[in-house]
Amino acid sequence: MKPMILARLGAGVFVVTLALTACAAPQNLQKETSMDLQTAEGIALAMEDEIAALLPSENVGDQTQQQTSPLLKCADDRYRWSGRTVVTFTGEVDTQGIVDGIAAAWKLEAGVNVEEGDATGDDAEVDLRVVDGGSYNAAIWNSGTQLYITSFSPCFELEEGQHPSDEY
């Protein structure tokens with residue numbers, strides 16, 4: 001079991017019209033001064049889960065989460081873990097409303113910079129940059145049938161015996 005830094009969904013509830021039902025806002029995120037691979041991966045996976053939890057359950061047909069990934073280089077001999085959750089929608093969904101709802105929920109949180117992407121066509125998206133150094137993207141794909149949540153953990157130092165070319 002991987003350690004989880006972020007607590008499950010917070011007590012705040014945010015309602016977005018038609019596209020989203022009740023949404024719990026994530027808890028405050030604290031900047032880490034020392035981080036290892038397991039902690040960084042746990043943060044990224046928890047953020048993916050929190051973003052996916054903002055979707056109306058009646059519109060979620062399938063949800064898959066990538067559990068392993070090679071590491072990406074950060075500055076100063078540090079690395080980050082990258083992951084992805086793919087949510088396949090069922091029924092009619094307001095894809096722009098879903099992305100707007102994710103953005104609105106995260107704009108309520110201190111330490112998160114929210115940037116909404118170009119909403120032309122079917123590919124609405126939102127970028128979340130967190131004070132701990134993690135970054136996340138939620139984007140509509142495949143003609144509005146899926147939401148891809150891509151995560152890039154905060155940077156961390158490898159422990160002895162860990163190699164950046166391995167998948168973790």
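A disulfide is a pair of cysteine sulfur atoms within 2.5 Å. The exercises below apply this cut-off and others to a predicted model.

**Exercise 1.** Find which cysteines form a disulfide, and give its handedness.

Solution.
- Step 1: The sulfur atoms of Cys74 and Cys155 lie 2.0 Å apart, and the cut-off is 2.5 Å, so this pair is joined by a disulfide. The count by this rule is one disulfide.
- Step 2: Cys74 sits in the loop between β4 (71-73) and β5 (79-89), and Cys155 in the segment after β9 (146-152). The two are 81 residues apart, so the pair links distant parts of the chain.
- Step 3: About the S-S bond the torsion is about -85°, and therefore the disulfide is left-handed.
- Step 4: Buried means under 20% relative accessible area. Cys74, at 10%, is buried, and Cys155, at 15%, is buried too.

**Exercise 2.** Check the span of helix α2 (residues 95-107) against the expected value.

Solution.
- Step 1: The expected span is 1.5 Å times one less than the number of residues.
- Step 2: For the 13 residues of α2 this gives 18 Å.
- Step 3: The end C-alpha atoms of α2 are 18 Å apart, which agrees.
- Step 4: Buried residues of α2 include Ile98, Val99, Ile102 and Trp106.

**Exercise 3.** Identify the two salt bridges and state how accessible Asp77, Lys107 and Glu116 are.

Solution.
- Step 1: Asp77 pairs with Lys73 at 3.1 Å, N to O. Asp77 is exposed, at 60% relative accessibility.
- Step 2: Lys107 pairs with Glu116, their closest N and O atoms being 3.1 Å apart. Lys107 is exposed at 51%, whereas Glu116 is partly exposed at 39%.

How values were computed
Residues numbered from 1 in each chain as written. Predicted model: local features only at pLDDT ≥ 70, side-chain atom pairs only at ≥ 80, totals over all residues. Heavy atoms only, no water. Helix = DSSP H or I, 4+ residues; strand = E, 2+ residues; numbered from the N terminus. Buried < 20%, exposed > 50% of the residue type's maximum accessible area, 1.4 Å probe, protein only. Salt bridge = Lys/Arg side-chain N within 4 Å of Asp/Glu carboxyl O.
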